[in-house]
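Please open the structure in your viewer and keep the selection panel at hand. The stops below move from the whole chain to a single side-chain pair.

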Amino acid sequence: MSKKIKYHELKEIVLKAVKNHLKKMKNESVSVLTTKVNPDNILQILEENNVPDGFYLSLDIDGYDFFVLEKILTKYKPELIISEINEKIPPPIKFTVNYDNDYFWDCSHYFGYSISMLEDLLDKYNYKIKRLD
């Protein structure tokens with residue numbers, strides 16, 4: 001069972017796996033979830049926290065982000081999606097870390113997914129990439 005979080009007017013929920021970032025992210029307009037997020041629990045977490053369609057999603061869990069985002073998009077239509085990609089994997093290569101609940105990022109370049117995988121997933125749900133940083 002995940003810890004309940006307060007949902008704010010900004011309509012943003014932050015899903016972050018690295019705990020040392022949490023303190024600087026917490027403020028009145030951002031809800032920070034401290035539960036390990038995976039494809040098996042993400043919909044329940046969003047439902048328990050009354051997250052409506054049209055929320056802003058910032059996804060950076062340094063692992064199987066693709067599968068979490070894919071699961072979210074089966075039920076929700078975020079207004080804005082901010083997602084980390086693995087910039088070391090250039091187009092047209094399609095790459096993602098396979099889902100393994102025991103996976104934790106080891107600070108190597110083996111993490112996340114490629115821009116081509118993101119683009120394919122977004123196309124499937126009628127989203128477009130607007131900006132890369």
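Begin with the whole chain in cartoon view, where you will find 4 helices and 4 strands, and follow these elements from the N terminus, along which they run in the order β-α-β-α-β-α-β-α. Keep in mind while you look that this is a predicted model.

Next, colour the chain by confidence: the mean pLDDT is 82, and 75% of the residues reach 70 or more. Select helix 1 (residues 22–25), where confidence is lowest, at a mean of 54, and then helix 4, where it is highest, at 98. Select also residues 1–11, over which the pLDDT is below 50, although this stretch has 34 contacts in the model beyond near neighbours in sequence.

Now switch on the surface, which comes to about 8100 Å² of accessible area, with 53% of it belonging to carbon and sulfur atoms. Of the 133 residues in the chain, 46% are buried. If you display contacts between residues at least 6 apart in sequence, 65% of them join residues that are at least 24 apart.

For the last stop, select helix 4, which spans residues 115–124, and pick out Asp-120 within it. Is Asp-120 buried or exposed? Its relative accessible area is 35%, which lies between the 20% limit for buried and the 50% limit for exposed, and Asp-120 is therefore partly exposed. Add Lys-94 to the selection: Asp-120 and Lys-94 are 26 residues apart along the chain, and their C-alpha atoms are separated by 9.1 Å. Show the side chains as sticks, and you can trace a polar contact of 2.6 Å that joins those of Asp-120 and Lys-94.

Notes
Residues are numbered from 1 along each chain as its sequence is written. This is a predicted model: local features need pLDDT of at least 70, side-chain atom pairs count only at pLDDT 80 or more; totals for chains, interfaces and linings use all residues. Side-chain values use heavy atoms; hydrogens and water are left out. Helices (H or I, at least four residues) and strands (E, at least two) are DSSP runs, numbered from the N terminus. Buried means under 20% relative accessible area, exposed over 50%, partly exposed in between (1.4 Å probe, protein chains only). Contact means heavy atoms within 4.5 Å. Accessible areas come from the Shrake-Rupley method with a 1.4 Å probe; for residues, only the protein chains shown count as cover. A polar contact is a pair of N or O atoms within 3.5 Å; within protein, one must be able to donate a hydrogen and the other to accept it, and residues adjacent in sequence count only if both atoms are side-chain atoms. pLDDT is the predictor's confidence in each residue, from 0 to 100.
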